[in-house]
Amino acid sequence: MKKTSLPGGRKPFPETKGKHAKRHTLLSPVQMEDETLYDLADLFKVFGDSTRLRILCALFGCERCVQHIAEELGMTHSAISHQLRFLKQNKLVKNRREGKTVFYSLADEHVKTIFNQGLEHVREGL
């Protein structure tokens, strides 16, 4: 194994063989392209707004229309629609239309996983 240091004194991931090799490759920010890191930063920015987090929580159990989310969170239809549009653009929620009503749900299980991992991290310090 080479003993090189990276900018800022960071140590590279050791070369790993076997079942953990891919995992270490994926975790190395040094090896990621800048565009990927910018995309990841943008994803975390989406989670940086408590209103969007509350909307995501409201969608954990089932799909809901804007009106139901607005009532549950005590917010205006307009404010919820605005945030849902942003969440959809960032691929965290999806929608389906039934007549005139649009129902929103989480895009996939990754959204719950990211949320729950963040929550677990925050609660560790309590």
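# A walk through the model, starting at His82

Select histidine 82 first: you'll find this residue in helix α5. Histidine 82 counts as partly exposed, at 46% relative accessible area; here buried means under 20%, exposed over 50% and partly exposed anything in between, with a 1.4 Å probe and protein chains only. Now add arginine 52 to the selection. The two residues sit 30 apart along the chain, and their C-alpha atoms are separated by 10.0 Å.

Before going on, a word on what you're looking at. This is a predicted model, in which local features need pLDDT of at least 70 and side-chain atom pairs count only at pLDDT 80 or more, while totals for chains, interfaces and linings use all residues. Numbering runs from 1 along each chain as its sequence is written, and side-chain values use heavy atoms, with hydrogens and water left out.

**Zoom out: the fold**

Switch to cartoon view. The protein has six helices and three strands, in the order α-α-α-β-α-α-β-β-α along the sequence. Helices here are DSSP runs of H or I with at least four residues, strands are runs of E with at least two, and both are numbered from the N terminus. If you color by burial, 22% of the 126 residues come up as buried.

**Into the core**

Next, select Ile55, Leu59, Ile80, Leu84 and Leu87. Within the 19-residue largest nonpolar core, these touch the most other members. Such a core is a set of buried Ala, Val, Leu, Ile, Met, Phe, Trp, Tyr and Cys residues joined through side-chain atoms within 4.5 Å. Which elements give two or more residues to this core? They are α3 (50–58), α4 (66–73), α5 (77–89), β3 (101–106) and α6 (109–124). Helix α4 supplies the largest share, four residues. As background, nonpolar side chains in soluble globular proteins tend to be buried together.

**The salt bridges**

Show the charged side chains now. The whole structure holds four salt bridges, each one a side-chain nitrogen of Lys or Arg within 4 Å of a carboxyl oxygen of Asp or Glu.

Start with glutamate 63 and arginine 96, whose closest N and O atoms are 2.4 Å apart in their salt bridge. Glutamate 63 is in the loop between α3 and β1 (64–65) and arginine 96 is in strand β2 (residues 93–98), so this pair ties together parts 33 residues apart in sequence. Glutamate 63 is partly exposed at 31%, and arginine 96 is partly exposed at 35%.

Keep arginine 96 selected and add glutamate 98. These two also form a salt bridge, with 2.9 Å between the closest N and O atoms. Glutamate 98 is partly exposed, at 46%. Put together, Glu63, Arg96 and Glu98 are linked in a salt-bridge network.

Then hop over to helix α2, where aspartate 42 and lysine 45 lie three residues apart, about one turn of the helix. Their salt bridge has its closest N and O atoms at 3.7 Å. Is each partner partly exposed or exposed? Aspartate 42 is partly exposed at 37%, whereas lysine 45 is exposed at 56%.

**Last stop: a negative patch**

Stay with helix α2 (residues 34–46) and pick aspartate 39, which is partly exposed at 47%. Add Glu33, Asp34 and Glu35, and you have the negative surface patch that these residues form with Asp39. Patches take residues with over 30% relative accessible area and no salt bridge, joining like charges within 9 Å and nonpolar side chains (Val, Leu, Ile, Met, Phe, Trp, Tyr) within 5 Å.

Technical notes
Areas by Shrake-Rupley, 256 points an atom, 1.4 Å probe, with all protein chains shown as cover. Lys, Arg positive; Asp, Glu negative; His and termini not counted. Charge placed at Lys NZ, Arg CZ, Asp CG, Glu CD.
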